[in-house]
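Please open the model in your viewer and keep the sequence panel beside it. The tour below says what to select at each stop and what is found there.

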Amino acid sequence: MLHQTKIIFLLAFALGASLFSAQETLSTEKLNALKAKPCSYVHVWALWCDICVEELPKLVDYLNKTKKVNPLLIDVTPETGKVKAAQEMEKAHPRFPVYAKPYGNDEQYMKAIDANWGGGLPYSALYQGGKVVKVWSGASSLSELAKATDALCK
Amino acid sequence: MTQLKIFLLALALTSPVFSIGVGQKVASFELKAVDGKQYNLENELKKKEMVAVIFIATKCPYSNAYIQRYRTLFDALSQRISVSLFTINSNDTESFDEVKAHAKENKFSFPVLKDEGHKVADLFGAEKTPEVFLVGKDKEILYHGRIDDDAEGKHVKRQDLLAAVDEVVTKKPISVKETKAFGCSIKRK
């Protein structure tokens, strides 16, 4: 009986660990395809960025509820923090796609998100027909995001 | 007509921070450093061929990942007598006293300037920390971007800033003038 309990405990632990493993990576090709969706909103996030972590629950809550945009969150946390970042993300309960940036080629990846972006985090961009129509650098203002999506995402 | 209106609205709403480009000139500035001295870009360029300006922060993990490398970079730049290093904190959320304490705690022996009201960050169009601008004679931007190619410092293959400095010192054209890297947005209130 004790042996069976141990096995059940180990299986439950393994399942929990797999749920909190790092996110699926997003190639630039797939990113470009997702950006092409109508009114696509991409938010770039990292565990190392204090504002990113601070604003995540409210931003995810807004993106979970809004019907105006196609949200996508990209985690660019460096390799050593990937698992912890996935745990932090899990706590916010996003009901939209969340991906991790593949290792390396930071510059190429930044250009795929927005050629004019220098890399400051957090960063968000709204796209129409795959083209950037609005960007946010630094903390997101949800009222400004709502205003922009009302104006641009018919 | 509606499409034109949407385009114009989108244009008005799109407001990224545009940094000063390589080849452009930056206006001079003077800031007080945590050592109590005033540092002036123009005056420094009368003594040196280049000034490496790095925007840093006290609370940004991307910037703090470079603490040890800031010190080694300063040592490396000090050996190249034609270049000075100015580090600048432009975050409105980090006070002069905090910046001073951070510099003391981390034994920074190079100038750490406090940019009250982020005026100098605006002059450069600096977006994040860490972010480098290598300024040459006539206050021309010679290199802009990252310090090296690995924020975590574990697999550095190229030290972009040092490479650019060495190319100027050896009278070669700078091979990589602009790079990008992730960092923390400069906090502008």
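The stops run from whole chains to single residues, and the model is a predicted one.

**Stop 1: chain A**

Select chain A and colour it by secondary structure. Six helices and six strands appear. Following the sequence, their order is α-α-β-α-β-α-β-α-β-β-β-α.

Now switch on the surface for chain A. About 7900 Å² is exposed, and 60% of that comes from carbon and sulfur atoms. Of the 154 residues in chain A, 49% are buried. Among contacts in chain A with a separation of 6 or more, 72% join residues 24 or more positions apart.

**Stop 2: A:Pro122**

Stay in chain A and select A:Pro122, which sits in the loop between β4 (120–121) and β5 (123–128). Look at the bond that leads into A:Pro122 from A:Leu121: this peptide bond is cis, with omega near -5°. Most peptide bonds are trans.

**Stop 3: chain B as a whole**

Hide chain A and select chain B. Seven helices and nine strands can be picked out here. The C-alpha atoms of chain B fill a box of roughly 60 × 40 × 35 Å along the principal axes. How does the radius of gyration of chain B agree with that of a compact globule? A compact globule with 189 residues would have a value near 16 Å, and chain B has 17 Å, so the two agree.

Buried residues account for 54% of the 189 in chain B. The exposed area of chain B is about 9000 Å², with 55% supplied by carbon and sulfur atoms. Of the contacts in chain B with a separation of 6 or more, 75% are between residues 24 or more positions apart.

Colour the charged side chains next. Chain B carries 30 positive and 26 negative ones, and the centres of the two sets lie 1 Å apart.

**Stop 4: helix α4 of chain B**

Select residues 67–79 of chain B, which form helix α4. These 13 residues should span 18 Å at 1.5 Å a residue; the end C-alpha atoms are 19 Å apart, which agrees.

Which residues of α4(B) are buried? They are B:Ile67, B:Arg69, B:Tyr70, B:Leu73, B:Phe74, B:Ala76 and B:Leu77. An α-helix has 3.6 residues a turn, so residues three or four places apart point the same way. Show the surroundings as well: the buried residues of α4(B) pack against β3 (50–56), α3 (61–64), β4 (83–89), α5 (96–105) and α7 (160–169) of chain B.

**Stop 5: B:Val51**

Move to strand β3 of chain B and select B:Val51. B:Val51 counts as buried because its relative accessibility is 0%. Leaving out neighbours within four places in sequence, B:Val51 is in contact with B:Leu41, B:Glu44, B:Leu45, B:Ser84, B:Phe86, B:Phe133, B:Leu134 and B:Val135.

For a distance across the chain, draw a line from B:Val51 to B:Phe182. The two are 131 residues apart along the chain, and 23 Å separates their C-alpha atoms.

**Stop 6: B:Leu134**

One of the contacts of B:Val51 is B:Leu134, so select that residue next. B:Leu134 belongs to strand β7 (residues 131–136) of chain B. Is B:Leu134 buried or exposed? With a relative accessible area of 0%, B:Leu134 is buried.

Not counting residues up to four places away in sequence, B:Leu134 touches several residues, including B:Met50, B:Val51, B:Ala52, B:Val83, B:Leu161, B:Ala164 and B:Val165. From B:Leu134 to B:Leu85 the C-alpha distance is 9.2 Å, with their positions 49 residues apart in sequence.

**Stop 7: the loops on either side of β7**

Before β7, select B:Pro130 in the loop that joins β6 (128–129) to β7. The peptide bond from B:Thr129 to B:Pro130 is cis, with omega near -10°.

After β7, select B:Lys139 in the loop between β7 and β8 (141–145). B:Lys139 is not a glycine, yet its phi is positive, about 60°. Most residues other than glycine have a negative phi. B:Lys139 counts as buried because its relative accessibility is 18%, and the cut-off is 20%.

**Stop 8: B:Lys171**

End at B:Lys171, in the loop between α7 and β9 (183–185) of chain B. Phi of B:Lys171 is also positive, near 60°. Its relative accessibility is 69%, so B:Lys171 counts as exposed.

Conventions:
Residues are numbered from 1 along each chain as its sequence is written. Chains are lettered from A and ligands numbered from 1 in the order in which they are written. This is a predicted model: local features need pLDDT of at least 70, side-chain atom pairs count only at pLDDT 80 or more; totals for chains, interfaces and linings use all residues. Side-chain values use heavy atoms; hydrogens and water are left out. Helices (H or I, at least four residues) and strands (E, at least two) are DSSP runs, numbered from the N terminus. The radius of gyration is taken over C-alpha atoms; the globule rule is 2.2 Å times the number of residues to the power 0.38. Buried means under 20% relative accessible area, exposed over 50%, partly exposed in between (1.4 Å probe, protein chains only). Contact means heavy atoms within 4.5 Å. Accessible areas come from the Shrake-Rupley method with a 1.4 Å probe; for residues, only the protein chains shown count as cover. Lys and Arg count as positive and Asp and Glu as negative; His and the chain ends are not counted. The place of a charge is taken as NZ of Lys, CZ of Arg, CG of Asp or CD of Glu. The expected span of a helix is 1.5 Å times one less than its number of residues.
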